[in-house]
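Here are some exercises to help you find your way around a structure you have not met before. Try each task by yourself, then read the worked solution under it.

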Amino acid sequence: MNIAIIGSGNVGSALASGLHKAGHTVSFGVRNPASAKSEKAATLVTGVAFSTVREACAGADVIILTTPPEAVLALVTELGDVKKKVLIDATNSIRTRPEPYATAFHALKAITQSEKVVKCFNSTGFENMANPVYPGFGGIDMFCAGNDAESKKVAQQLAADIGFGACWDFGGDDKVELLEKFALSWINLAIMQGHGRNLAFRVVKR
């Protein structure tokens, strides 16, 4: 699968590395491929090309946005024609949001008019995305939300490809903000309460 990662920060780099190792064709889409941030990411993720956002998205089947949520407003016009592509929003509108939209997910749906938008890869830290396997427990869980069932299946498959144990369906578009609050729960425990970033969620059933 051809995947464009928009943004080359910690989350983007972790996802790019895992998806590349899983056999996908991955490229970074960034505003400046020659920037210091891009050069740093290139040292962390080998075998992944850097290009402009438009170039990376042109040949992609899946586009994963890992930028700050407010940056989506400026980037959305650079994504090109996305009607047949799966858009995965991995951002969280916790400190800032893409006004006047509640989240980047809502901005993407409204501006692109695409139904193939899914929220995923937002509910844990980048360390867990880089290595989602915990000794003695196996792969930790990931979560997704959105109305389009087929797009969620793609996100679930990508989560499995990089080592997550399960990717639970949180529900439709109406559960996107709940999933962002779930991310805040991880942030609260890991960072605010000081339990550390090597902490993860896993659903168990009896």
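**Exercise 1. Find the neighbours of strand 5, and say how each one pairs with strand 5.**

Step 1. Begin with strand 6: strand 5 and strand 6 are paired in the parallel sense, over three bridges. Helices (H or I, at least four residues) and strands (E, at least two) are DSSP runs, numbered from the N terminus, and two strands pair if DSSP finds at least two bridges between them.

Step 2. Look for a bridge: Asp-89 has Lys-119 in strand 6 as its bridge partner.

Step 3. Follow the chain from strand 5 through helix 5 (residues 104–112) to strand 6; this β-α-β crossover is right-handed. That is, with the strands pointing away from the viewer, the path from the first strand over the helix to the second runs clockwise.

Step 4. Now take strand 4 (residues 62–65), which pairs with strand 5 in the parallel sense over four bridges. Here Leu-65 stands opposite Asp-89.

Step 5. Check the two faces of strand 5 (residues 86–89): Val-86 and Ile-88 lie on one side, Leu-87 and Asp-89 on the other, and all are buried. Buried means under 20% relative accessible area, exposed over 50%, and partly exposed in between (1.4 Å probe, protein chains only).

A note before you go on: this is a predicted model, in which local features need pLDDT of at least 70 and side-chain atom pairs count only at pLDDT 80 or more, while totals for chains, interfaces and linings use all residues. Residues are numbered from 1 along each chain as its sequence is written, and side-chain values use heavy atoms, with hydrogens and water left out.

**Exercise 2. Describe the surroundings of strand 9 (residues 141–145): is the strand enclosed or open?**

Step 1. Five of the five residues of strand 9 are buried, so the strand is largely enclosed by the rest of the structure.

Step 2. Sort the side chains: Asp-141, Phe-143 and Ala-145 point one way, while Met-142 and Cys-144 point the other way.

Step 3. Identify the partners. Strand 6 pairs with strand 9 in the antiparallel sense over two bridges, and Cys-120 stands opposite Cys-144. Strand 10 runs parallel to strand 9, joined by four bridges, and Ala-166 in strand 10 is the bridge partner of Asp-141.

Step 4. Trace the connection: the chain crosses from strand 9 through helix 7 to strand 10, and this β-α-β crossover is right-handed.

**Exercise 3. How many disulfides does a search of the whole structure find?**

Step 1. A disulfide is a pair of cysteine sulfur atoms within 2.5 Å, and the search finds zero.

Step 2. Try Cys-120: its nearest cysteine sulfur, that of Cys-167, is 4.0 Å away. Cys-120 is buried, at a relative accessible area of 0%.

Step 3. Try Cys-144: its closest cysteine sulfur is also in Cys-167, at 4.0 Å, which is too far for a bond. Cys-144 counts as buried too, at 0% relative accessibility.

**Exercise 4. How many aromatic pairs does a search of the whole structure find? Look at two of them.**

Step 1. The search finds six. Rings of Phe, Tyr and Trp (its six-membered ring) pair if their centres lie within 6.5 Å; planes under 30 degrees apart count as stacked, over 60 as edge-to-face and the rest as tilted.

Step 2. Phe-28 and Phe-50 are stacked, at 4.6 Å centre to centre and 25 degrees between the planes. They link distant parts of the chain, with Phe-28 in strand 2 (residues 25–29) and Phe-50 in strand 3 (residues 49–51), 22 residues apart. Phe-28 is buried, at 0% relative accessible area.

Step 3. Phe-121 and Phe-164 form a tilted pair, at 6.5 Å centre to centre and 50 degrees between the planes. Phe-121 is buried at 1% relative accessibility, and Phe-164 at 4%.

**Exercise 5. Which residues of helix 8 are buried?**

Step 1. They are Val-176, Leu-179, Glu-180, Ala-183, Trp-186 and Ala-190.

Step 2. Seen down the axis of helix 8, the buried residues fall within an arc of 105 degrees, so they line one face. The arc is that of the directions from the helix axis to the C-beta atoms.

Step 3. Turn to the other side of helix 8, where Lys-181 and Met-192 are exposed.
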